[in-house]
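Open the model in your viewer and keep the sequence panel in sight. The tour below goes from one selection to the next and says what is found at each stop.

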Amino acid sequence: MFIRELHLQTDLAAVHAFYCDAPDYWIMADGVAPDLAKARSYFHDCPPNCDPTKTHRLGLFLDDRLSGLGELSFGFPATNDAYLGFMMLGPWARNAGHGSEFLAHFVNLAQQAGASSLYLAVLDVNQAGRRFWDRHGFQATDVSGTNAQGLGLTRMCKSLGDHG
């Protein structure tokens with residue numbers, strides 16, 4: 001297993017292939033399988049008030065196959081916070097400890113950047129995802145909302161301690 005930064009110019013085809021091989025999250029979240037435009041958006045999306053040039057867009061590789069994607073931004077919801085906007089593993093990579101290792105990598109990046117908290121949002125219908133975040137010390141906040149399809153979202157937070 002290795003983790004590296006992904007770039008639109010060199011990795012769009014791999015991200016698109018990953019989405020085609022692992023459409024389950026997008027079908028749950030958007031109601032449709034992801035297309036090339038969804039893969040392209042991975043390289044541009046980030047939370048409000050975050051600098052996209054400081055966002056980490058990482059791929060987790062198993063035997064040279066892109067098997068996980070994640071995006072970590074800084075400055076949302078507050079200036080000293082980090083936000084894990086996306087983290088997903090392909091079905092072939094789940095339940096083998098890779099998610100925990102991938103998350104640990106993101107936590108380390110957030111701590112190195114001086115973030116005091118790591119936030120994310122989980123779909124309420126994504127019970128497996130919610131169990132994963134609960135197991136890794138994330139706690140539900142009092143912030144909730146809906147995605148574009150009207151599905152409920154719960155914001156969760158993990159304290160990273162005082163790194164400022």
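Which residues of H1 are buried? They are Asp 11, Leu 12, Val 15, Phe 18 and Tyr 19. Keep in mind throughout that this is a predicted model.

**Stop 1: helix H1**

Select residues 8-21, which make up helix H1. The helix lies across E1, strand E3 (65-74) and strand E4 (81-89), and its direction is at about 110° to E3. Now show what surrounds the buried residues of H1: the cover includes E1, helix H2 (24-30), helix H3 (36-42), E3 and E4.

The length of H1 can be checked from end to end. With 14 residues at 1.5 Å a residue, H1 should span 20 Å. The end C-alpha atoms of H1 are 19 Å apart, which agrees with that expectation.

**Stop 2: Asp 11 and Arg 4**

Stay on H1 and pick out Asp 11, one of its buried residues. Which side chain meets that of Asp 11 in a salt bridge? The partner is Arg 4, at 2.9 Å from N to O. Asp 11 counts as buried because its relative accessibility is 5%, and buried means under 20%. Arg 4, at 32% relative accessibility, counts as partly exposed.

From Asp 11, a distance can also be drawn to Gly 85, a residue of strand E4. The two C-alpha atoms are separated by 19 Å, and the residues are 74 apart along the chain. Gly 85 counts as partly exposed, at 36% relative accessibility.

**Stop 3: the sheet**

Colour the strands next. An open sheet holds 7 strands in the order E1-E2-E3-E4-E5-E7-E6, and the pairing is mixed. Its edge strands are E1 (2-5) and E6 (139-146), each pairing on one side only. On average, neighbouring strands in this sheet are turned by 25° against each other, direction ignored.

Zoom in on strand E5 (residues 117-123) and strand E7 (residues 152-159). In which sense do E5 and E7 pair? They are antiparallel, over 7 bridges. Tyr 119 can serve as a marker here: it stands opposite Cys 157 in E7.

**Stop 4: Asp 81**

Move to Asp 81, in strand E4. Asp 81 is buried yet has no salt bridge. The nearest side chain of opposite charge belongs to Arg 155 and is 7.3 Å away; a salt bridge needs the nitrogen and oxygen within 4 Å. Leaving aside residues up to four places away in sequence, Asp 81 touches Ser 73, Phe 74, Gly 75, Phe 76, Ala 115, Ser 116, Ser 117 and Tyr 119.

**Stop 5: backbone exceptions**

Most residues other than glycine have a negative phi, and most peptide bonds are trans. The next three selections depart from this pattern.

- Phe 76 and Pro 77: a cis peptide bond joins them, with omega about 0°. Pro 77 is in the loop between E3 and E4.
- Asp 63: phi is positive, about 50°, although the residue is not a glycine. Asp 63 sits in the loop between strand E2 (56-62) and E3, and at 77% relative accessibility it counts as exposed.
- Asn 95: phi is positive here too, about 60°, and the residue is not a glycine. Asn 95 belongs to the loop between E4 and helix H4 (98-112), and it counts as exposed at 85% relative accessibility.

**Stop 6: further salt bridges**

How many salt bridges does the structure hold? There are 5, among them the pair of Asp 11 and Arg 4 already visited. Side chains of opposite charge can pair when their charged atoms come close.

Select Asp 24 and Arg 94. Their closest N and O atoms are 2.7 Å apart, in a salt bridge. This pair links distant parts of the chain, 70 residues apart: Asp 24 is in helix H2, and Arg 94 is in the loop between E4 and H4. Asp 24 is partly exposed at 36% relative accessibility, and Arg 94 is partly exposed with a relative accessible area of 31%.

End at Asp 30 and Lys 38. They form a salt bridge in which the closest N and O atoms are 2.9 Å apart. Asp 30 counts as partly exposed at 23% relative accessibility, while Lys 38 is partly exposed with a relative accessible area of 22%.

Conventions:
Residues numbered from 1 in each chain as written. Predicted model: local features only at pLDDT ≥ 70, side-chain atom pairs only at ≥ 80, totals over all residues. Heavy atoms only, no water. Pairing = 2+ DSSP bridges. Helix = DSSP H or I, 4+ residues; strand = E, 2+ residues; numbered from the N terminus. Axes fitted to C-alpha atoms, helices over the stretch in contact; angles between N-to-C directions. Contact = heavy atoms within 4.5 Å. Buried < 20%, exposed > 50% of the residue type's maximum accessible area, 1.4 Å probe, protein only. Lys, Arg positive; Asp, Glu negative; His and termini not counted. Expected span 1.5 Å × (residues − 1).
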